[in-house]
Amino acid sequence: MSTTRQETRRMRRLRADFYQEGRTLDAQGSPDARCWICGQRIDYDARPSSTDQSHELDHFHTVADRPDLQEDPTNFRHAHR
């Protein structure tokens with residue numbers, strides 16, 4: 001199995017859905033929308049991956065360590081770019 005990230009249509013859809021989930025959580029004031037690394041608010045008004053404060057889909061278990069979890073939403077975390 002490959003240990004490099006695979007960009008698939010499914011992964012693009014999952015990434016877009018996860019971003020929308022984060023936007024919704026942020027609008028509700030949920031702390032779950034914050035960056036899982038630093039705990040600060042993410043700028044959901046900025047296009048994903050466009051600024052240092054914009055949203056980035058991160059993985060709890062790295063793709064290098066667990067490529068089988070790359071497309072597993074339970075392994076996704078909201079983070080800054």
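1. Let's start with Arg41, which is partly exposed, with a relative accessible area of 41%. Keep in mind while reading that this is a predicted model. The side chain of Arg41 has a partner: Asp26, in a salt bridge whose closest N and O atoms are 2.7 Å apart. Asp26 belongs to helix α1 (residues 9–27), while Arg41 sits in the loop between α1 and β1 (55–59), so this salt bridge ties together parts that are 15 residues apart in sequence. Is Asp26 buried or exposed? The cut-off for buried is under 20% relative accessible area, and Asp26 comes in at 19%, so it counts as buried.

2. Asp26 also turns up around Ala33. Setting aside neighbours within four places in sequence, Ala33 is in contact with Gly22, Leu25, Asp26, Ile42, Tyr44 and His78. Ala33 is itself part of the largest nonpolar core, where it is joined by Tyr19, Leu25, Cys35, Ile42, Tyr44 and Ala79, making seven residues in all. Another core, of five residues, lies apart from that one, and its members include Met11, Leu14, Phe18 and Phe76.

3. Back to charges. How many salt bridges does a search of the whole structure find? The count is six. Arg66 and Asp68 make one through their side chains, at 2.7 Å from N to O. Arg66 is partly exposed at 35% relative accessibility, and Asp68 is partly exposed too, with a relative accessible area of 44%.

4. Which residues do shared salt-bridge partners join into one network? They are Glu7, Arg12 and Arg15. Within that trio, the side chains of Glu7 and Arg12 meet at 3.7 Å, N to O. Glu7 counts as partly exposed at 46% relative accessibility, and Arg12 counts as partly exposed at 43%.

5. Last, the strands. β1 runs antiparallel to strand β2 (residues 76–80), and five bridges join the two. Why would one strand show two kinds of face? In a regular strand, side chains alternate between the two faces of the sheet. In β1, the covered face carries His55, Leu57 and His59, whereas Glu56 and Asp58 are on the uncovered one. Asp58 on that uncovered face stands opposite Arg77 in β2. β2 is also where the cores come back in: the strand covers residues 76–80, Phe76 is in the five-residue core, and Ala79 is in the largest one.

Conventions
Residues are numbered from 1 along each chain as its sequence is written. This is a predicted model: local features need pLDDT of at least 70, side-chain atom pairs count only at pLDDT 80 or more; totals for chains, interfaces and linings use all residues. Side-chain values use heavy atoms; hydrogens and water are left out. A nonpolar core is a set of buried Ala, Val, Leu, Ile, Met, Phe, Trp, Tyr and Cys residues joined through side-chain atoms within 4.5 Å. Buried means under 20% relative accessible area, exposed over 50%, partly exposed in between (1.4 Å probe, protein chains only). Contact means heavy atoms within 4.5 Å. A salt bridge is a side-chain nitrogen of Lys or Arg within 4 Å of a carboxyl oxygen of Asp or Glu. Helices (H or I, at least four residues) and strands (E, at least two) are DSSP runs, numbered from the N terminus. Two strands pair if DSSP finds at least two bridges between them.
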